[in-house]
Amino acid sequence: MKQTDGKRRMRIAVIADTHNRLPDEVADAIAGADEIWHLGDVCNTETLALLQSLGPPVSAVRGNCDPHRLAPDTLKLRRGARTFYLVHEPPGLVPDGAAFALHGHTHVPRDETCGGVRYLNPGSVGKANHGAPASYAWLTLEEGCEPLWKVITLATDRRS
């Protein structure tokens, strides 16, 4: 976390469902993140290697279109005082202690609280569908503040 105004702050780029497509505009933007979280369906090792070459640490989970050994099925990450559960498909159950569940798979952005858990989905950066445009998100964590979730819609249509 970076120190700003006496508070620690972290910006995490959250992407999902690249399906072998990482637009240059997204790669350029997320290279400035403190961390990158990929919520599955990277689809090949080359795309994961490209993400890792951008500089920030990358945490990824395996999606239903990913090779078996590409990444773990789930991750439970602690950042500051909060615990985040990363998974590809929308979870039925969230592990104890996780107040945030981040998932992909639907290709549709989401920010919804159910049963005390905040569910977040950045949409699909590489293959939008269901009427949603291609997108990714920023998760900003700052000491003493609620996490800020901002979905970024890409200007070009990537439905294919």
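Is C145 buried, exposed or partly exposed, and what is its relative accessible area? The solution is in Exercise 1.

The model is predicted: local features need pLDDT of at least 70, side-chain atom pairs count only at pLDDT 80 or more, and totals for chains, interfaces and linings use all residues. Residues are numbered from 1 along each chain as its sequence is written, and side-chain values use heavy atoms, without hydrogens and water.

**Exercise 1. Classify C145 and C114, then count the disulfides.**

Step 1. Set the classes: buried is under 20% relative accessible area, exposed is over 50%, and partly exposed lies in between (1.4 Å probe, protein chains only).
Step 2. C145 has a relative accessible area of 27%, so C145 is partly exposed.
Step 3. C114 has 31%, so C114 is partly exposed too.
Step 4. A disulfide is a covalent bond between the sulfur atoms of two cysteines. Here the test is a pair of cysteine sulfur atoms within 2.5 Å. The count by this rule is 0 disulfides.

**Exercise 2. Describe the fold of the protein chain and its overall dimensions.**

Step 1. Take helices (H or I, at least four residues) and strands (E, at least two) as DSSP runs, numbered from the N terminus. The protein chain has 2 helices and 11 strands.
Step 2. Read their order along the sequence: β-β-α-β-α-β-β-β-β-β-β-β-β.
Step 3. Compare the radius of gyration, taken over C-alpha atoms, with the globule rule of 2.2 Å times the number of residues to the power 0.38. For 160 residues a compact globule would be near 15 Å; the protein chain has 15 Å, so the two agree.
Step 4. Add the box. Along the principal axes, the C-alpha atoms fill roughly 45 × 35 × 30 Å.
Step 5. Check burial and surface. Buried residues are 48% of the 160. The accessible surface (Shrake-Rupley method, 1.4 Å probe) is about 7600 Å², and 48% of that belongs to carbon and sulfur atoms.

**Exercise 3. Find the residues at the centre of the cores.**

Step 1. A nonpolar core is a set of buried Ala, Val, Leu, Ile, Met, Phe, Trp, Tyr and Cys residues joined through side-chain atoms within 4.5 Å.
Step 2. The largest core has 17 residues; V14, W37, F84, L102 and L139 touch the most other members.
Step 3. Two or more residues come from each of β2 (7-15), β6 (82-87), β7 (100-102) and β10 (135-142).
Step 4. A second, separate core has 15 residues, including I30, A33, I36 and W138.
Step 5. List contacts of W37, where contact means heavy atoms within 4.5 Å. Leaving out residues up to four places away in sequence, W37 touches I12, A13, V14, I15, S59, L77, R79, F84, L86, L102 and L139.

**Exercise 4. Work out the β8-β9 hairpin.**

Step 1. Strands pair if DSSP finds at least two bridges between them. β8 (residues 110-114) and β9 (residues 117-121) are joined by 5 bridges and run antiparallel.
Step 2. Pick a facing pair: R110 stands opposite N121 in β9.
Step 3. Look at the turn. There are 2 residues between the strands, and G115 takes a positive phi near 55°.

**Exercise 5. Locate two unusual backbone angles, then look at T47.**

Step 1. Most residues other than glycine have a negative phi.
Step 2. D41 has a positive phi near 65°. D41 is in the loop between β3 (35-38) and α2 (45-53). At 2% relative accessible area, D41 is buried.
Step 3. C43 has a positive phi near 85°. C43 lies in the loop between β3 and α2. C43 is buried, at 18%.
Step 4. Move on to helix α2, where T47 is found. T47 is buried, at 7%. Not counting residues up to four places away in sequence, T47 touches T18, N20 and V42.

**Exercise 6. Compare sequence separation with distance for R82 and D96.**

Step 1. R82 lies in strand β6 and is partly exposed at 23%.
Step 2. R82 and R69 are 13 residues apart along the chain, and their C-alpha atoms are separated by 28 Å.
Step 3. Beyond its neighbours within four places in sequence, R82 is in contact with L77, F100, C145, E146 and P147.
Step 4. D96 sits in the loop between β6 and β7 and is exposed at 73%. D96 and T153 are 57 residues apart in sequence and 32 Å apart, C-alpha to C-alpha.

Conventions
Contact means heavy atoms within 4.5 Å.
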